[in-house]
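Welcome to a short tour of a protein chain. Have a look at the sequence and the structure, and then let us walk through them together.

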Amino acid sequence: MFGRQSDNNGVNSPRITSSHDGEFNNSDDKPLYLSSQIPPDTASLISVSFQPGTRAWTRQFLAAVAACTGGLSIGLCMGWSSPAIKQLQGGGHFSKISPFAGKITEYQAGWIGASLSLGAIVQVLVTGMLMNFFGRRISMILSSFPLVAGWLMIGLASNIWHIYFGRALTGFSAGLLSVLVPVYIGEISSPNWRGVFGTVFQVFIVLGILLMYSVGIYVHWSILAVIAVAVPVVTMLLAMFYLPESPTWLVSICNVEQATDVVIWLRDQDFVLEEMENLMESTISLNDSPYPSPPWYKDSTKVKPVVLIFLVMLINQLCGISVVETFFQSMFNWSDPLLPASFSSSIVGGCMLLATFLAGPVVKHVDRRPLLTFSLIVMCISMFGFGTYVYLLPARPYNSVPLVCMFLYATAYSIGIGPLAWVLLGDLALPKVSSAVVTVASLTNWGTAFILISFFSSLTKLIGLAGIWWAFSSLSLLGCLILILVLPETRGLSTSQITNLFL
């Protein structure tokens, strides 16, 4: 499937276009960059077209979409809690068919939301090892098993602890996929398409959230869990039979020839000399160098990407998105026959999905930093407006006011920091430091989410709901200022060019 194209004699031969009328063919079966048959004095006569072939975009896009079914699972995990908590607390049509005696408490509702993040934190211990030892593709296959087990445990739950453990299992896989898929997409994509394909991941996450919000209006929480089992099964089958392995990982284990075959298939071009040279230069360790390497904390190419991804993921959570997604229907706890709270969540979820679709072309043509700035400023304003509405709550609530605030907040998040956090993970997960980057990204993202969700109820009692939204507004503004000062621009840059930014 990923083999090289052959010439008329059946010989695998990369095509090289000369500045003269003739063609140079590498008749050796080895990749061109390993061949010594091109004389040195001929190199200056060779002009190479580095443009990908006509099928390159389609192949990379389909591979990215197949991997992003893992993002759909993440969205289902994140979105399930909102309608489920509402139902378990006695809301909706399902209050009388719960297997639990009575309604769950606010404390139990908090743990249903937080147990997902808790499971995601645990996976930090093994994610780097799995990615480096088994590769990206096999790791995706392995991530499907805890998801299936967790959803089945939730669907068949007879007490609250079954839900806790099921949520932790699904969280384990969600955390693994949240770093695995963006890194994989970053490693298979051409530099000018990496940002666009990276936004596809966020599209699938938001799609999963919207499906749970919308279907959860009519379907019992246990049935929602059983239905969700189908998605990780699809991911596993696609990873087994369609997805190519990451060429970056193949080079890291010295399987250069297979990496070349994958790059040739992804780029739809036989001549991949420059890309393979850059890939090997940025991937292969310098341990064989006669000069001693500096300690890791003195190597800026290792420290700076880790620090930057820590800041990006911290700001991504401190803007309050996990709290909003987990307790959405509980936040809009009004009784309006024209616009019920459950339908409001679907409306905002639909706006998030539309905005995330628009993020693809926007990310391709707009630099990362100005887009992040715009996103966080709008989120700051909308959260401040929401907090002010809650504080000045009139005797006759105007339901359109918080809905507009949430619309602006969700749209800004979905077109800005939401997808860009994962795009930047793919940008900053440089080969020599990928394990550290994904570990720090996952621990920061899910650890912060766990803390915020766990203490949401306590903080609400301490500073009030208005204080919570004002805090998220202030943190969004602070995060915007920090990223303006420290984040370099990575749009359209190759792995080696991004590495050079940190020298």
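Before we start, one term: two residues are in contact when they have heavy atoms within 4.5 Å. Please also keep in mind that this is a predicted model.

## The chain as a whole

The protein chain holds 20 helices and two strands. Of its 503 residues, 55% count as buried. The accessible surface comes to about 21,500 Å², and carbon and sulfur atoms account for 67% of that surface.

How do contacts spread along the sequence? Taking contacts between residues at least 6 apart in sequence, 81% join residues at least 24 apart.

## The nonpolar core

In soluble globular proteins, nonpolar side chains tend to be buried together. Here the largest nonpolar core has 134 residues, and those with the most contacts inside it are Trp 80, Ile 112, Trp 151, Leu 425 and Trp 469. Helix H1 provides the largest share of this core, with 15 residues.

Ile 112 is a good place to pause. Leaving aside neighbours within four places in sequence, Ile 112 is in contact with Trp 80, Ile 85, Leu 88, Ile 104, Ile 160, Ile 163, Tyr 164 and Arg 167.

## Helix H17 and Leu 425

Helix H17 spans residues 417-428 and is mostly covered, with 12 of its 12 residues buried. Among them are Pro 419, Trp 422, Gly 426 and Asp 427.

Leu 425 has its place in H17. Is Leu 425 buried or exposed? Its relative accessibility is 0%, so Leu 425 counts as buried. Not counting residues up to four places away in sequence, Leu 425 touches Ser 178, Val 179, Pro 182, Val 183, Ile 309, Met 313, Val 437, Val 438 and Ala 441. One of these partners, Met 313, is 112 residues apart from Leu 425 in sequence, yet their C-alpha atoms are 8.9 Å apart in space.

## Other links across the sequence

Val 306 is found in helix H11. With a relative accessibility of 18%, Val 306 counts as buried, because the cut-off is under 20%. Leaving out residues up to four places away in sequence, Val 306 touches Val 433, Ala 436, Val 437 and Val 440. Val 306 and Ala 429 are 123 residues apart in sequence and 8.5 Å apart in space, C-alpha to C-alpha.

Ser 346 lies in helix H14, residues 341-365, and is buried with a relative accessible area of 15%. Which residues does Ser 346 touch, not counting those up to four places away in sequence? They are Leu 210, Tyr 213, Ser 214 and Ile 217. The C-alpha atoms of Ser 346 and Ser 214 are separated by 5.5 Å, although these residues are 132 apart along the chain. In helix H9 we find Ile 264, which is buried at a relative accessible area of 5%. Ile 264 and Ala 56 are 208 residues apart in sequence, with 9.2 Å between their C-alpha atoms.

## Two loop residues

Ser 246 sits in the loop between helix H7 (230-241) and helix H8 (247-252). This loop residue is buried, with a relative accessible area of 0%. Apart from residues up to four places away in sequence, Ser 246 touches Arg 136, Tyr 184, Glu 187 and Ile 188.

Cys 254 belongs to the loop between H8 and helix H9 (256-267). Cys 254 is exposed, with a relative accessible area of 63%. Most residues other than glycine have a negative phi. Cys 254 has a positive phi of about 65° although it is not a glycine.

## Empty space inside

Rolling a probe the size of a water molecule over the atoms shows where empty space is left. How many cavities of 30 Å³ or more are there? The count comes to five, and the largest has a volume of about 220 Å³.

The largest cavity is lined by 22 residues, and Met 78, Gln 317, Ser 322, Glu 325 and Trp 446 lie nearest its centre. Its lining divides into 11 nonpolar, nine polar and two charged residues. Helices H1 (56-88), H2 (106-122), H5 (194-215), H11 (300-318), H12 (321-326) and H18 (434-454) each supply at least two residues of this lining.

Note on methods: Residues numbered from 1 in each chain as written. Predicted model: local features only at pLDDT ≥ 70, side-chain atom pairs only at ≥ 80, totals over all residues. Heavy atoms only, no water. 1 Å grid on protein atoms, 1.4 Å probe; cavity = no way out; pocket = protein on both sides within 12 Å on 5 of 7 lines; lining within 4 Å. Points joined across faces, edges and corners; volume = space filled by probe spheres on them. Helix = DSSP H or I, 4+ residues; strand = E, 2+ residues; numbered from the N terminus. Nonpolar A, V, L, I, M, F, W, Y, C, P; charged D, E, K, R; others polar. Core = buried A, V, L, I, M, F, W, Y, C linked by side-chain atoms within 4.5 Å. Buried < 20%, exposed > 50% of the residue type's maximum accessible area, 1.4 Å probe, protein only. Areas by Shrake-Rupley, 256 points an atom, 1.4 Å probe, with all protein chains shown as cover.
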